[in-house]
Amino acid sequence: MRPWAVIAKKEVREQLRSKRTLASLVIVPIGMWLLVGLMHAFMFGMMTPESPLATPMDMHLTVEDQGVFGQIAKEVILTVAGNMNVIVHEVPADEGKDLVEKGDTVLYVLIPEDFTERLLTENRSRVEIWVDMTSTRASAVAQAIMVALKETIEQRRFHLEADQKAIRKLPLTLMMLSLMLITSAIWGPMPFITTSFAGEREKKTLEVLLVTPVERRSILLGKLLAAGFAAAIYMGSSMVGLVIYNSLVGWATAGVMEEFTSPTLTLEQAAVILLAAVLTVLLSASVGIVISCLARSVKDAESYYSAIFMLTVMPLFGVLWMRFEDLPLALRAFMLAVPFTHGILIVNNAVIYGLEWQNMAISIAYMLAWSIGALVLGAKLFEREEIVETRRIRRFRKPSWLRKLFSSR
Amino acid sequence: MLEAVVKLERVSKHFGPIKAVDGLSLEIRKGEVFGLLGPNGAGKTTTVRMVCGLLKPTSGRILVMGYEMPREALKARKHIGLLPQESDVYEMLTGRENLEYFARLYGLEGEELNRRVEEVLELVGLSKRADDRAGEYSGGMKRRLMVARAIVHDPDIVILDEPTMGLDVFAVRRIRSLIKKLAEGGRTVILTTNDLEDAERTCDRVAIRDKGRLLALGSIKELEERFQEKGLEEVFVRLVEGEVE
């Protein structure tokens, strides 16, 4: 065999025998694309009337006009809604506007009393549409209704205007802020935590530390606090980066796009965001401790950490432009089970949907429970002999086909 | 009879089917330099880890300064200083900061801490480079810093696991001289080594082990007489190769 082939064979053999390879080369890409694919399938599926994934959505409609065109417009809206799996609730105008004000609807259409009369006298008329811009689905349905209404009315040589207003704006910067903040908080402690346990173990300084008369939980606490400090710096830098990003895009769009205006937060909102960040750092560091205690080397720890990050955080990018409530129940349940999702939900609650304390309390409790669980597990793992002793007692044998696959011959 | 500071009674440690330590009984006396000798895989490091309370014996009993290990490890560890095999230093910290960190973990503070750090820096000959980053030290200097780290809290027992491994002849000589100085200060030194010259030059008594079992125990002179061999190396080879029953 040629030398390059010998080297290549040895490298491949080493990679195949590493569990890290399985995690970083196989599971992560497949899992990540699967999850992002699911997100986008739902996201685009909801915009496509024919899609089996278009989940039912409620909208509200007021038709004040009793004239012929008012009734035609109503028929058009009901047809579009029917095609897009949207349930239409007819309400009086007062009730509709009340729903809009409270943010209890994602789409409200009002056909005014003088709709037909204006078409006949002025040759043009208008409908009023209120859309929750944070809901991709509502935006898509509103768009479809507008297109269908315009087509129908303009076929009759009239002109139709849509007065579209936002129930909630799509605060691009704020949504970016929440995502950046939480991903920073997840990623921030990683280099520190992996080197502080797996790294010390790899360099054999952990053994000296463990021989000091210091309780292991004190060692854990000290490292946890330092990880928090590292994460705080990372988050701070990320926020500076966001301001730069915001300024650049704001400058380029000449202040016309409202989405890119700088976020103005109340003190209460800022406190909630800070709380979410702290909880996420705590959670990330706690999970990191477990990984670091289980990993045999820094490389292993980093691979496992990256795998968890990719598989838990990447799907969050999928919901960056859409309302969490628009997702189907099964996907929502999966995402809610992932504790890192709750950091984003808390921030979004604070900056976009108003402070819904009950929801936030559940998210906070869930993240805390995970953090405490991971810390307890980390502390248990840290107490094990395996933390200094690399020889392990094999409790089970690999099946023969697996042994063959990884055998040296 | 001198007081035993470390006592092992029929201690065994198994990792699955591997018997790393098999029914080991011995006493290490106050103020002596005791050598744990044996080829690779003899269970030296496992024994050291059990003495430090990092591993729990599968069976048997270990007492360190009268404290049972690992149950009373926190109390016993105040009396132990360890230089593990293949250990390293915190390279981003200076030599002094490395020592101060461990001194604080052992409860030293203020003036006492400063005095003690200066003393050990002087002892290991690193005073002039104390404020350089440890990452800039040579292999021998790092090893000396590790010895300093092991004794910064003035322990009664200093355990040095293969302290001269991989060092050049000058560094080895400095480490050997350090071991002698430690013993002169009244400390008990436990030295695990493959290097029989280390043992010959520094140890008062040695235990020769192989595959977890104790093959012989005594001073080098006693072993030479018992096995009628000249020099520790000859005794060691005969014992480990199974020529002596």
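**Asking what the labels rest on**

Modeller: A:Q269 lies in helix α11, residues 267-294 of chain A. Helices (H or I, at least four residues) and strands (E, at least two) are DSSP runs, numbered from the N terminus. This is a predicted model, in which local features need pLDDT of at least 70 and side-chain atom pairs count only at pLDDT 80 or more, while totals for chains, interfaces and linings use all residues. Residues are numbered from 1 along each chain as its sequence is written, chains are lettered from A and ligands numbered from 1 in the order in which they are written, and side-chain values use heavy atoms, with hydrogens and water left out.

Colleague: Why is A:Q269 called buried?

Modeller: Buried means under 20% relative accessible area, exposed over 50%, and partly exposed in between (1.4 Å probe, protein chains only). A:Q269 has 14% relative accessibility, so it counts as buried.

Colleague: Which backbone oxygen lies 2.7 Å from a polar atom of the A:Q269 side chain?

Modeller: That of A:A350.

Colleague: Why does A:P3 count as exposed?

Modeller: The relative accessibility of A:P3 is 62%, so the residue counts as exposed. A:P3 is found in helix α1 (residues 3-16) of chain A.

Colleague: What makes A:K74 and A:E90 a salt bridge?

Modeller: A salt bridge is a side-chain nitrogen of Lys or Arg within 4 Å of a carboxyl oxygen of Asp or Glu. The closest N and O atoms of A:K74 and A:E90 are 2.9 Å apart, so the pair meets that rule. A:K74 lies in helix α3 (residues 68-83) of chain A and A:E90 in strand β2 (residues 86-90) of chain A, so the salt bridge ties together parts 16 residues apart in sequence. At 18% relative accessible area A:K74 is buried, and at 46% A:E90 is partly exposed.

Colleague: How many salt bridges does the rule give over all chains?

Modeller: The count comes to 32. One of them joins B:D154 and B:R187, with the closest N and O atoms 2.8 Å apart. B:D154 lies in the loop between α5 and β7 (157-161) of chain B and B:R187 in the loop between α6 (169-184) and β8 (188-193) of chain B, so this pair ties together parts 33 residues apart in sequence. B:R187, with a relative accessible area of 11%, is buried, whereas B:D154, at 45%, counts as partly exposed. Salt bridges that share partners join B:R115, B:R116, B:E119, B:D154 and B:R187 into one network.

Colleague: Why does B:R77 have no salt bridge?

Modeller: Lys and Arg count as positive and Asp and Glu as negative, with His and the chain ends not counted. The nearest side chain of opposite charge to buried B:R77 is A:E383, 7.8 Å away, so the cut-off is not met. B:R77 lies in the loop between α2 (73-76) and β6 (80-83) of chain B.

Colleague: Why are β2 and β5 of chain B said to stand at the edges?

Modeller: Two strands pair if DSSP finds at least two bridges between them. Four strands of chain B form an open antiparallel sheet in the order β2-β1-β4-β5. β2 (18-29) and β5 (67-69) of chain B each have a single partner strand, so one side of each is left without a neighbour in the sheet.

Colleague: What makes β1 and β4 of chain B a pair?

Modeller: β1 (residues 4-15) and β4 (residues 59-64) of chain B are joined in the antiparallel sense over five bridges, so the pairing rule is satisfied. B:E9 stands opposite B:R61 in β4(B).

Methods. Polar contact = N/O pair within 3.5 Å; in protein donor to acceptor, adjacent residues only side chain to side chain.
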